[in-house]
Amino acid sequence: MFDFFTGRGRANGLDAGPYGGGLPSAGAALVEAPTSNVPIKDAPIGEAPMVQPAGPSIGLVLGGGAARGFAHIGVLRVLMRRGFKFDVIAGTSIGAMAGGCYAAGQLDAFEDWARSLTRRRVFGYLDFSLAGSGLIGGVRLAERLQETFGRATIDELPLRFAAIATEIGTGHEIWLTRGRLTEALRASYSLPGVFAPVRVGGRWLMDGALVNPVPVSAARALGARVVVAVNLNTDLIGRGATIAAHGSDPNDEATEMVQEQRGLRSMFAPERTLKRQFLGAEGRPGFSTVMMEAFNIMQDRITRARLAGDPPDVVISPRLGNIGLIDFHRASEAIEIGAEAAERTLESIGEVITALR
């Protein structure tokens, strides 16, 4: 399609920055662009580098979406193959996880783990607990993150990175831009009611999608001149309509009686029925479905409002409507869908970069 050439270097010997020649016209000679001695990583946040880069600084924004977030892997793979290198990564929830793995050089490990997930293995990470502030303790997943990242910090990453979280009590939008990477990722994906909140820097934090599901504003504030955003929820057609006439049905009473009988039986076997209640039963949504769907509806409304006020330069929209929020065992399918979506937007990204050179 198009080739993008590295225009400058980054500190610590790592490549960075935009992607050279953009989209040269036919027959035009490719001239190597000068390099910058001060990459965006070393400039104070909110201030431009003293020495300007050869091309526009590029930020990648990875939105939240639970299991649909594995599509971020496919997006990153396509952009990496085309020669894109990012100065800024901002992610929320599963987007923070994918972006953090990319920034830390652990994308291969993340993809291998995602593709290995089956229904049984997903259940293996569900350490249910009725004693904490979340239905799932998250200890097993946290241990997996610790094995992957160790004590790596955001400060050590070769690019600017922000994981978005929400503070309990105040509702503050928290940009985690320093400190241990593992704790930042855990805080960003801590879905309220499902995962226990995480204490970071004296604040109790939970999922960032409550306030900024697709954090374009964070990427721009961190210095990105070109912002490419991945929105995982644009393919959810038919949501948000108004049903103007609705009421009760004669079958409602029978359904409630059956559920009450099942509830009495479950009192005598709470441990055995906990996972069943989490996943739901035929004709009735389980706890996980209720939580995730409520969260998804809210996230969709917030995303629309925030993107209308601060739109990215390019939006990548994977068609993930057929993949559920808890379909973590369908990672391979989500990755392929993400790759296809990225391929469709390559020309648009190239045009924006060329226009801002």
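# Exercises on a predicted model

Phe70, Phe110, Trp113, Tyr125 and Phe328 make up one aromatic cluster. The exercises below concern a predicted model, and they begin with this cluster.

## Exercise 1. The aromatic pairs of Phe70

Determine how Phe70 pairs with Phe110 and with Trp113, and state which parts of the chain each pair links.

**Solution.**

Step 1. Begin with the whole structure, in which a search finds 7 aromatic pairs. One of them joins Phe70 and Phe110, with 6.0 Å centre to centre and 55° between the planes. Edge-to-face requires an angle over 60 degrees and stacked one under 30 degrees, so this pair is classed as tilted.

Step 2. Locate the two partners. Phe70 belongs to the loop between β3 (58-62) and α1 (71-81), whereas Phe110 belongs to helix α3 (residues 107-116). The pair therefore ties together parts that are 40 residues apart in sequence.

Step 3. Check the burial of each ring's residue. The cut-off for buried is under 20% relative accessible area. Phe70, at 1% relative accessibility, is therefore buried, and Phe110, at 5%, is buried as well.

Step 4. Turn to the pair of Phe70 and Trp113, which is edge-to-face, with 6.3 Å centre to centre and 75° between the planes. This pair, too, links distant parts of the chain: Phe70 is in the loop between β3 and α1, Trp113 is in helix α3, and 43 residues separate them. Trp113 has 14% relative accessibility and therefore counts as buried.

## Exercise 2. The cover of helix α2

Establish how many residues of helix α2 (residues 94-103) are buried, and describe the residue Gly105 that follows the helix.

**Solution.**

Step 1. Count the buried positions: 10 of the 10 residues of α2 are buried, and the helix is mostly covered.

Step 2. Name some of them. Among the buried residues of α2 are Ile94, Met97, Cys101 and Tyr102, and also the glycines Gly95, Gly99 and Gly100.

Step 3. Look past the helix. Gly105 follows α2 and has a positive phi, near 75°.

## Exercise 3. The largest pocket

Describe the largest pocket by its volume, its lining residues and the elements that contribute to the lining.

**Solution.**

Step 1. The largest pocket holds about 740 Å³ of space.

Step 2. Its lining consists of 34 residues, of which Val122, Phe195, Leu325, Ile326 and Phe328 are the closest to the centre. Phe328 is also a member of the aromatic cluster.

Step 3. Assign the lining to elements. Two or more residues each come from α2, α4 (119-124), β8 (193-195), α9 (270-279) and α10 (287-309). The most come from α10, which gives 5 residues.

Step 4. Sort the lining by class: 24 residues are nonpolar, 7 are polar and 3 are charged.

## Exercise 4. The surroundings of Thr153

Decide whether Thr153 is buried or exposed, and find which residues it touches beyond four places in sequence.

**Solution.**

Step 1. Thr153 is placed in the loop between α5 (139-149) and β6 (160-167).

Step 2. The relative accessible area of Thr153 is 17%, so this residue is buried.

Step 3. With residues up to four places away in sequence left out, Thr153 touches Gly179, Arg180 and Leu181.

## Exercise 5. The protein as a whole

Summarise the secondary structure, burial, contacts and exposed area of the protein.

**Solution.**

Step 1. The secondary structure comprises 11 helices and 14 strands.

Step 2. The protein has 357 residues, and 48% of them count as buried.

Step 3. Among contacts with a separation of 6 or more, 74% join residues 24 or more positions apart.

Step 4. The protein exposes about 17,400 Å², of which carbon and sulfur atoms supply 53%.

Methods
Residues numbered from 1 in each chain as written. Predicted model: local features only at pLDDT ≥ 70, side-chain atom pairs only at ≥ 80, totals over all residues. Heavy atoms only, no water. Phe/Tyr/Trp six-rings, centres within 6.5 Å; stacked < 30°, edge-to-face > 60°. Helix = DSSP H or I, 4+ residues; strand = E, 2+ residues; numbered from the N terminus. Buried < 20%, exposed > 50% of the residue type's maximum accessible area, 1.4 Å probe, protein only. 1 Å grid on protein atoms, 1.4 Å probe; cavity = no way out; pocket = protein on both sides within 12 Å on 5 of 7 lines; lining within 4 Å. Points joined across faces, edges and corners; volume = space filled by probe spheres on them. Nonpolar A, V, L, I, M, F, W, Y, C, P; charged D, E, K, R; others polar. Contact = heavy atoms within 4.5 Å. Areas by Shrake-Rupley, 256 points an atom, 1.4 Å probe, with all protein chains shown as cover.
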